[in-house]
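Reader: I am new to this structure and would like a friendly tour. Could we take it one question at a time?

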Number of protein chains: 2
Amino acid sequence: MSTIRDINRYAILKVLGVLLIIEGLFMLLSLLPSAWYDRQCLSNMVLFEPTHDFLPLLISGVIALSIGSSLYIFNRNLDQNSIGKREGYIIVSLSWVAISIFGALPFMLSGVTTNYTDAFFETMSGFTTTGASIFTDIEALPKGILFWRALTQWIGGMGIIVLSLAVLPILGIGGMQLFVAEVPGVTPDKLTPRITQTAKNLWVIYVAMTLFCTAFLIFGGLSIYDALCHSFTTLSTGGFGTKNDSVAGFSPYLQMVLIVFMYLAGINFSLHFFALRRRFKYIISNEELKNYTYIILISTAIITASLLILKNVAFDKALIDSLFQVVSIITTTGFVSADYLTWPTYSWLIIFLLMFIGGCAGSTGGGIKVVRIVLLFRNSKLELKRLIHPQALIPVRLNGKSIPQHIIFNVLAFFLIYIVIFATGSLAVSMMGLDFESSIGAVAASLGNIGPGIGSVGPVLNYGLIPDAGKWLLSFLMLLGRLELFTVLILFSAAFWNK
Amino acid sequence: MSTIRDINRYAILKVLGVLLIIEGLFMLLSLLPSAWYDRQCLSNMVLFEPTHDFLPLLISGVIALSIGSSLYIFNRNLDQNSIGKREGYIIVSLSWVAISIFGALPFMLSGVTTNYTDAFFETMSGFTTTGASIFTDIEALPKGILFWRALTQWIGGMGIIVLSLAVLPILGIGGMQLFVAEVPGVTPDKLTPRITQTAKNLWVIYVAMTLFCTAFLIFGGLSIYDALCHSFTTLSTGGFGTKNDSVAGFSPYLQMVLIVFMYLAGINFSLHFFALRRRFKYIISNEELKNYTYIILISTAIITASLLILKNVAFDKALIDSLFQVVSIITTTGFVSADYLTWPTYSWLIIFLLMFIGGCAGSTGGGIKVVRIVLLFRNSKLELKRLIHPQALIPVRLNGKSIPQHIIFNVLAFFLIYIVIFATGSLAVSMMGLDFESSIGAVAASLGNIGPGIGSVGPVLNYGLIPDAGKWLLSFLMLLGRLELFTVLILFSAAFWNK
């Protein structure tokens with residue numbers, strides 16, 4: 001019988017320490033744009049006015065670095081054992097919470113908000129790559145703060161790729177377990193070596209794509225600063241921008257660049273890895289990618305037609321608006337190029353349904369994930385076959401392989417829990433005074449890590465007016481959705497603590 | 001290889017013939033109230049004006065009887081083989097469609113509607129015990145027609161009890177398969193003897209409860225006619241009434257009577273059977289009944305509190321309104337004692353969520369069914385346990401027994417398909433011009449066999465303004481929901497026809 005006392009808490013604190021050190025370094029990185037845009041004031045030593053963010057970012061970075069280093073150093077020698085599955089679960093959930101607690105500091109210290117709930121919500125929304133914001137006038141925020149805000153999403157995206165492709169499969173959770181059913185040479189008790197190697201490969205791809213995106217955006221006329229901020233939040237499918245109207249004011253070229261990179265960010269990153277190795281046959285035959293693309297094309301076609309016929313929009317605008325919003329929502333990025341709530345009801349209902357589908361497993365996108373949807377549909381068809389032939393064992397197939405029954409079971413349970421959390425979450429939010437559409441919109445958009453929802457949290461509005469209790473609840477839902485439900489829920493199960 | 005040619009179509013037509021004969025007899029039964037209330041006109045031979053329904057009912061009855069008898073007689077001698085599983089599936093779906101096609105005749109012939117779509121919708125809404133109506137001024141309808149309308153629900157309720165407790169378990173579908181895992185002495189090829197015995201027992205209970213309900217209602221001051229009509233539609237959890245304001249004008253006593261009988265009708269009828277045999281221990285320990293009751297009590301408590309605090313409603317009115325609507329909706333009856341859409345958002349959101357839960361398996365209620373919800377929640381909790389102990393086989397338990405994994409699998413697939421049909425159905429209905437809330441309300445209320453939904457098909461409105469295509473779609477959804485999805489869907493599967 002191992003109990004709560006057996007958990008290697010030194011190892012957990014050590015890892016959290018490392019993460020806080022990394023967070024502190026990224027905060028210090030935000031000093032660059034802050035210093036550049038505030039160079040006049042900096043030279044005059046005007047640092048303490050609310051529009052200045054140099055000192056707040058510096059202080060926040062130093063706090064994160066010192067606490068991180070202390071945690072690392074104090075626990076380094078106490079950690080005698082390796083990290084097991086249970087520690088893994090705890091680290092994953094705690095790390096997102098810990099970096100959000102400290103990541104909120106720059107918002108508080110710079111005075112852009114005086115409510116810690118708002119600051120925490122904005123930061124959790126960043127690290128979970130959701131993109132739901134409490135700010136109305138984004139252009140009034142200091143440049144360093146906006147840079148840090150975009151960076152939280154970029155860091156979150158990095159984190160989620162490693163998590164979904166390297167950590168969760170070993171913990172037995174997540175859509176990617178389908179692809180790495182056997183991970184050679186890895187015992188559950190020694191996670192570290194394998195994770196390190198996978199992480200390195202993926203991050204190289206992630207950084208490279210971010211730089212490419214930045215270059216294309218600069219080529220389209222954006223400043224280096226705006227291009228970087230938007231690349232950070234495109235590749236992470238986060239959706240924080242630097243403009244009040246999101247990307248509605250961008251040129252068609254810039255919007256097309258964002259469409260391409262959002263689409264790429266919504267694809268399983270291991271496919272990008274295979275692309276580098278020129279294994280294109282493998283990529284083209286990938287059934288998740290195929291279905292992801294079909295869903296985008298069909299949704300875009302229906303919405304374009306509705307805008308052409310029912311709203312008399314010009315063809316090119318109808319097409320790019322539809323395609324942009326479909327890709328922005330299914331990848332759970334949440335950039336807004338057009339207010340989809342002004343479209344015909346069934347067009348934005350399609351957008352709303354896409355919020356539940358989400359990107360591919362192993363991408364930076366949220367939601368239920370395309371591969372799960374594909375498996376669920378195939379299993380339903382087979383369930384009819386099973387009723388006709390009750391004696392036969394009829395497995396679900398994907399990419400030419402039979403999927404073990406316990407995985408289908410897990411996917412079905414995932415879908416159920418997702419819907420139940422959506423329903424009860426909506427009920428809880430509506431108890432806080434939100435109307436029906438806003439409640440289901442806020443919960444669907446938080447749980448799916450999208451950002452804009454429907455109703456009063458629609459594409460041209462924000463989360464500022466939701467009561468504090470609602471913001472905490474939605475922050476929790478963002479975390480739940482981001483960490484594929486089970487990772488967080490398992491911590492609330494008695495069986496976890498009394499092994 | 002058996003193919004479509006091997007299906008015993010003579011047996012199918014013979015059974016349909018019997019059902020049409022029964023339907024014809026019930027139509028003729030409606031001549032009694034028609035003649036009684038129209039006795040003045042009858043004696044003057046004023047029969048062909050639109051408010052008179054004697055002749056239309058007579059003609060409809062004769063048509064159903066003649067076609068039914070012909071089908072029975074012609075196919076009687078041709079039917080050499082027994083009825084198997086495949087014939088069972090076809091008969092179940094076809095019978096609901098066939099009796100709806102003919103059941104619509106009285107509405108057409110009497111001229112209360114001139115649109116066959118409306119007449120069919122109303123009849124399918126009756127036989128599926130849904131209770132969605134296209135009529136605005138119900139009190140203006142002739143008494144015989146209203147009686148027939150109530151009878152369609154009563155017949156539908158009878159049908160569904162036999163179906164869910166005797167037929168579907170043998171076909172391997174439905175919530176009740178949990179209780180009759182082994183049906184002694186029945187081979188899938190010979191369904192008839194067992195069904196006949198079960199049906200007889202259940203119908204005695206059903207008829208007895210209907211008579212009790214009628215007596216209580218008469219005691220409360222209703223006319224025999226109104227009491228009968230309301231008993232028919234209470235025990236069948238149908239919800240068709242005889243008044244324009246449903247049951248809002250009823251006294252608290254009458255509403256309490258309806259609450260009690262709706263509650264009873266939403267319970268598994270095999271428990272009523274056990275009650276007659278005084279096996280009360282078995283009933284009290286039934287976990288579905290327990291959860292059904294808890295859900296009602298908790299929902300009522302929350303809504304009562306909201307009406308007291310936020311709407312300043314008097315306690316007794318708040319309590320009875322809440323309890324009535326909670327019971328009316330969870331049992332999928334759909335009687336309206338108060339317009340729940342005027343309640344606080346979260347109160348009617350609870351009502352909306354209850355539409356998905358529905359009554360107990362083996363009751364006349366629709367929806368997903370309480371037992372499935374219980375199993376789904378238990379399985380989700382266990383899924384977390386399975387992640388912690390991946391090697392262990394952890395079965396879901398109900399009423400002290402382990403539930404086989406293929407049944408949990410089926411229940412999970414049922415939930416998924418239910419939600420997917422709800423989502424795509426809502427999308428389709430919204431394409432016909434309905435707004436968001438009306439679309440999801442109409443689909444949830446049709447699929448769950450409830451009747452009143454939200455939005456423009458809310459409790460004080462009706463389905464009259466929905467376009468014809470929408471009425472056909474909703475009729476199909478009523479059928480799908482009533483026959484537990486798989487029974488109908490299996491007919492669309494290639495594997496069914498090419499065995």
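**A walk through the model**

Author: Happy to help, and please keep in mind that this is a predicted model. Let us start at one residue: A:Ser133 has a relative accessible area of 9%, so A:Ser133 is buried.

Reader: Where in chain A does A:Ser133 lie?

Author: Two helices frame this spot, α7 (116–127) and α8 (143–171) of chain A. A:Ser133 lies in the loop between α7 and α8.

Reader: Which residues does A:Ser133 touch, not counting residues up to four places away in sequence?

Author: Contact here means heavy atoms within 4.5 Å. With that cut-off, A:Ser133 touches A:Phe121, A:Glu122, A:Arg149, A:Phe240, A:Asn462, A:Tyr463 and A:Gly464.

Reader: What separates the C-alpha atoms of A:Ser133 and A:Gly239?

Author: Along the chain, A:Ser133 and A:Gly239 are 106 residues apart. In space, their C-alpha atoms are separated by 9.8 Å.

Reader: Moving to chain B, is B:Phe135 buried or exposed?

Author: B:Phe135 is found in the loop between α7 (116–127) and α8 (143–171) of chain B. Beyond residues up to four places away in sequence, B:Phe135 touches B:Phe107, B:Val112, B:Glu122, B:Leu141, B:Arg149 and B:Asn462. Its relative accessibility is 9%, so B:Phe135 counts as buried.

Reader: How far apart are the C-alpha atoms of B:Phe135 and B:Tyr89?

Author: Along the chain, B:Phe135 and B:Tyr89 are 46 residues apart. Their C-alpha atoms are separated by 33 Å.

Reader: Is B:Thr332 buried or exposed?

Author: B:Thr332 has its place in the loop between α15 (315–330) and α16 (345–357) of chain B. Leaving aside neighbours within four places in sequence, its contacts include B:Thr129, B:Thr237, B:Gly366 and B:Asn449. A residue under 20% relative accessible area is called buried. With 0% relative accessibility, B:Thr332 therefore counts as buried.

Reader: Which residue of chain A does B:Ile350 touch?

Author: B:Ile350 sits in helix α16 of chain B, and at 6% relative accessibility B:Ile350 counts as buried. Within chain B, and not counting residues up to four places away in sequence, B:Ile350 touches B:Ser299, B:Ile302 and B:Ile303. Across in chain A, B:Ile350 touches A:Leu427.

Reader: How many residues does each chain bring to the contact between chain A and chain B?

Author: The area buried between the two chains is about 4500 Å², and carbon and sulfur atoms give 82% of that area. The contact takes 52 residues from chain A and 52 residues from chain B.

Reader: Which three residues supply more than any other three of the area that chain A buries against chain B?

Author: Together, these three supply 17% of the area that chain A buries against chain B. They are A:Leu387, A:Phe409 and A:Phe436.

Reader: Where is B:Phe232 found?

Author: B:Phe232 has a relative accessible area of 7%, so B:Phe232 is buried. Leaving aside neighbours within four places in sequence, B:Phe232 is in contact with B:Phe147, B:Ala150, B:Leu151, B:Trp154 and B:Thr210. B:Phe232 is found in helix α10 (residues 224–235) of chain B.

Reader: What is the phi of B:Arg278?

Author: Most residues other than glycine have a negative phi. B:Arg278 has its place in the loop between α12 (269–276) and α13 (280–284) of chain B. B:Arg278 has a positive phi, near 60 degrees.

Reader: And is B:Asn312 buried or exposed?

Author: B:Asn312 has its place in the loop between α14 (287–311) and α15 of chain B. Phi of B:Asn312 is positive, near 55 degrees. A residue over 50% relative accessible area is called exposed. At 70% relative accessibility, B:Asn312 therefore counts as exposed.

Reader: Stepping back, how many helices and strands does chain A have?

Author: Chain A has 499 residues, of which 61% are buried. Its secondary structure comes to 22 helices and two strands.

Reader: Why does the radius of gyration of chain A agree with a compact globule?

Author: The C-alpha atoms of chain A fill a box of roughly 80 × 70 × 50 Å along the principal axes. With 499 residues, a compact globule would have a radius of gyration near 23 Å. The agreement follows because the radius of gyration of chain A is 22 Å.

Technical notes
Residues are numbered from 1 along each chain as its sequence is written. Chains are lettered from A and ligands numbered from 1 in the order in which they are written. This is a predicted model: local features need pLDDT of at least 70, side-chain atom pairs count only at pLDDT 80 or more; totals for chains, interfaces and linings use all residues. Side-chain values use heavy atoms; hydrogens and water are left out. Helices (H or I, at least four residues) and strands (E, at least two) are DSSP runs, numbered from the N terminus. The radius of gyration is taken over C-alpha atoms; the globule rule is 2.2 Å times the number of residues to the power 0.38. Buried means under 20% relative accessible area, exposed over 50%, partly exposed in between (1.4 Å probe, protein chains only). Buried area is the accessible area (1.4 Å probe) that two parts lose on being put together, summed over both.
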